[in-house]
Amino acid sequence: MADRVFISYSHADDDLLDRLHKHLAQLLRDGTITAWYDREITAGGRVDDAIEGELESADIFLACVSPDWIDSNYAYEKEFKRALERESQGTAVIVPVIFRPCDWLSTPLQQFRALPKDGKAITEFTNQDVALLDVVTGLRALAKQRSAQIEFKGN
């Protein structure tokens, strides 16, 4: 069963988000994950209801961290706050993906292992594809671990 990934981001980071989606293609194609973000909301859809519903059903909360994400009242105060509640209940996993350098280590995100490796911002890599591949590799490993835990509990 595919892990449901909720992608929380700032619209100021659309270019990086588009690149991330391209790198997630094989995880999506092979059924390891499904991914949702607010661009999936169709015309006439109730934005808050759609986001709340997807956030409640997500297995993994992917926080695409940047100064703009931290500054976003919606992403940080609403989405992230609910993700923290679900994580503390054991119903979701939070994965920070550091898009751009920012003061994320002063936020509650500092308690979670970030991607790419060592929490280095994607924009700080000479070749950003290397950073995005590290994100995909980390998500694949997480999904595999979660699948094994579910399988173990089922036996």
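**Arginine 4, two cores and a cavity**

Let me start with a side-chain pair: arginine 4 and serine 57 are joined through their side chains by a polar contact of 3.1 Å, a polar contact being a pair of N or O atoms within 3.5 Å, of which, within protein, one must be able to donate a hydrogen and the other to accept it, with residues adjacent in sequence counting only if both atoms are side-chain atoms. Please keep in mind that this is a predicted model, in which local features need pLDDT of at least 70 and side-chain atom pairs count only at pLDDT 80 or more, while totals for chains, interfaces and linings use all residues. Residues are numbered from 1 along each chain as its sequence is written, and side-chain values use heavy atoms, with hydrogens and water left out.

The side chain of arginine 4 also makes a polar contact, of 3.0 Å, with that of glutamate 54. Arginine 4 sits in strand β1, residues 3-8, where strands (E, at least two residues) and helices (H or I, at least four) are DSSP runs numbered from the N terminus. Leaving aside residues up to four places away in sequence, arginine 4 touches Thr34, Glu54, Ser57, Ala58, Asp59 and Ile60, contact meaning heavy atoms within 4.5 Å.

Turning to the interior, the largest nonpolar core has 25 residues, and those with the most contacts inside it are Ile7 and Leu20; such a core is a set of buried Ala, Val, Leu, Ile, Met, Phe, Trp, Tyr and Cys residues joined through side-chain atoms within 4.5 Å, and buried means under 20% relative accessible area with a 1.4 Å probe, protein chains only. Two or more residues of this core come from each of β1, α1 (14-29), β3, β4 (93-98) and α5 (128-154), and α5 gives the largest share, six residues. Another core, of 20 residues, lies apart from it and includes Ala58, Tyr76, Ile94 and Leu109. Leucine 20, for its part, touches Leu62, Cys64, Phe99, Leu132 and Val135, again not counting residues up to four places away in sequence.

Finally, the largest cavity, which on a 1 Å grid over the protein atoms alone is a set of points where a 1.4 Å probe fits but cannot get out, is lined by Leu55, Ala58, Ile60, Phe61, Ala83, Arg86 and Ala92, lining residues having an atom within 4 Å of a point. At least two of these lining residues are supplied by each of β3 (60-65) and α4 (73-88).

Technical notes. On a 1 Å grid over the protein atoms alone, a cavity is a set of points where a 1.4 Å probe fits but cannot get out, and a pocket is an open set with protein on both sides within 12 Å along at least five of seven lines; lining residues have an atom within 4 Å of a point. Buried means under 20% relative accessible area, exposed over 50%, partly exposed in between (1.4 Å probe, protein chains only).
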